[in-house]
Amino acid sequence: MKLINRNQFSLFLLFLVFISGCKTATDNELPHLEVSQLEQAYEENKEAAITHRRFKHADLQPLIEKHANSFKVEELGKSVEGKSIFSLDWGNGPTKVMLWSQMHGNESTATMALFDLFNFLEASGDGFDELRTTLKENLHIKFIPMINPDGSDKFQRRNALDIDLNRDAISQISPEAIILKGARDSFEPEFGFNLHDQQIYYNVVNTPQQVTISVLAPGYNYERDVNDVRAKAMQIIVGMDKVLQQVIPNGVGKYDDSFEPRAFGDNIQKWGTSTILIESGGYVGDPEKQYIRKLNFMIILNALEQIATKGYEQFTTEQYFSIPDNDLQMVDLKIEEMNVEVEGKTFPVDLSIRRGETNAEDTYYVTGSVVDLGDMQVYFGFEEKDASGLTYAEGKVFETPFENLSEITSEKAYELLREGFLAVKVKNATAGDLHNLPILVLQSTETFPSGWKTGSKTNFYLSDGTELKYAVVNGYWIDLANPKDQLFKQVIY
Ligand SMILES: [Zn+2]
């Protein structure tokens, strides 16, 4: 065995450097903000003026004004009802990034996160200045929060023309669509973020895992081809997913990439902007989506950092495709093998129940109804209950009216429920007012709907033949012997 000479030794050292370089590029990622830093950045900069998801256009105006010194604020135009749509620009760098939120008025989660992000970008002296400098010198960011103010003020999807803006990218009927298209055309961003919310009922395909954040690099043609523009969006999404998997393991789904020729995301991708769709879904115990707002802040900041440092180049489109797909199979309540009687015979059926939201008084009430029944093995319930041996039973109205709603305590309501009454009447009340009792409250009607077939309103009992064991009130499951604490979002009928 002969000794190696000096040249060979140098080559060996070079080889070692090369090996460790490879390791950095593949096993370890480029230096970036850790999850704990992203969380800290959020907690220190959360916009305190926004506390729930039904804020209005007017609520945002003082917040936009507050940032007028650090951002270039511009009125891009007005909505159908004449409300101003603003953009906020930040940074002096060569790479242009555009983010727009709430083209669907009832999808407000990302708008909250953008205002948190404005606070973060404007702050200083908190340990994040180096990052801010990197972002500022590399990026020019244009934010357009709340592109659909008319829909947002009614907390509805569509604009004041009842047009879905996400089907108006080409026809350009709506002023809001003209504004968004105009901003893209004049700014010509290299990267775009299309910020939405999706229903809370999405799951990771074939699993009961609820999807909290959906991602998509939208397709730009029916063939779902991947060009360089779309590939970059995919790479950034991989980096965002790596952040999310640390805080919501398995809570991320990939949205369907079928091409929609009228949609903004698909077309902006087609026009040459690497476009990323973020859809905020649901998270148990977070009805106002404040935790999901934080997740939005974290992944948007992560994505901006990836773009500024080109950190996304370490990721591959294969990694993107390995993110699991979304499915839409979650329900609020799944009841298994409840007996129903038809034609004197008994049949065991599973019921899938969702509690749909209706806007009211800056909040909402729910209406529980049957989505589907029979073999429900492909549905997953946030709550799942075994009803084998129990039979569907109708409830009654307690006929003696109460003077006022305040006379009915929760305890009183549970007592009546146990006696077979699913509804009470109240004299001095207004139909349409909200309440949080576990029982139905009637003012303008003598009866309430019930049933177990598809579309039926879910107000019924489950009986073991001698005793009422459980009540289903508006889709809420109530164990009559041992009712748990839960928030009932109800309305007076
Ligand atoms: Zn949407």
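The site of the zinc ion is irregular in this predicted model, with angles of 53 to 150 degrees among its 4 donor atoms. For comparison, ideal angles at a metal are 109.5 degrees for four tetrahedral donors. A set of four donors counts as tetrahedral only if all angles lie between 85 and 135 degrees, and the range of 53 to 150 degrees at the zinc ion therefore does not meet that criterion.

The coordinating atoms are ND1 of H104, OE atoms of E107, listed twice, and ND1 of H196, at 2.0 to 2.7 Å from the zinc ion. Along the chain, these donors follow the spacing H-x2-E-x88-H. Burial is available for two of the coordinating residues. H104 has a relative accessible area of 2% and is buried, because buried means under 20% relative accessible area. E107, at 7% relative accessibility, also counts as buried.

Strand β4 spans residues 139-144 and is mostly covered, as 5 of its 6 residues are buried. Strand β4 pairs with β2 in an antiparallel arrangement and with β3 in a parallel one. The pairings are set out below.

| Strand paired with β4 | Residues | Bridges | Direction | Residue opposite I141 |
|---|---|---|---|---|
| β2 | 84-90 | 3 bridges | antiparallel | W90 |
| β3 | 95-101 | 6 bridges | parallel | V97 |

I141 of β4 thus links the two pairings at the residue level: W90 has I141 as its bridge partner, and V97 stands opposite I141.

Strand β2 also takes part in an internal space. In general terms, rolling a probe the size of a water molecule over the atoms shows where empty space is left. How many cavities of 30 Å³ or more does a search of the whole structure find? The search finds 1 such cavity, and the largest cavity holds about 50 Å³ of space.

The lining of the largest cavity consists of H57, L60, Q61, I64, S84, I85, F86, P145 and M146. Helix α3 (57-66) and strand β2 each supply at least two residues of this lining. The greatest contribution comes from α3, with 4 residues. By class, 6 residues of the lining are nonpolar and 3 are polar, with no charged residues.

Taken by region, the model presents a zinc ion held by H104, E107 and H196, a strand β4 joined to β2 by 3 bridges and to β3 by 6 bridges, and a cavity lined in part by α3 and β2.

Key:
Residues are numbered from 1 along each chain as its sequence is written. This is a predicted model: local features need pLDDT of at least 70, side-chain atom pairs count only at pLDDT 80 or more; totals for chains, interfaces and linings use all residues. Side-chain values use heavy atoms; hydrogens and water are left out. Donors are N, O and S atoms within 2.8 Å of the metal (3.2 Å for Na, K and Ca); water is not among the atoms, so sites may look incomplete. Four donors count as tetrahedral if all angles lie between 85 and 135 degrees; four count as square planar and six as octahedral if opposite donors are over 155 degrees apart and all others between 65 and 115; anything else is irregular. Buried means under 20% relative accessible area, exposed over 50%, partly exposed in between (1.4 Å probe, protein chains only). Two strands pair if DSSP finds at least two bridges between them. On a 1 Å grid over the protein atoms alone, a cavity is a set of points where a 1.4 Å probe fits but cannot get out, and a pocket is an open set with protein on both sides within 12 Å along at least five of seven lines; lining residues have an atom within 4 Å of a point. Grid points are joined across faces, edges and corners, and a volume is the space filled by probe spheres set on the points. Ala, Val, Leu, Ile, Met, Phe, Trp, Tyr, Cys and Pro count as nonpolar, Asp, Glu, Lys and Arg as charged, and the others, Gly among them, as polar.
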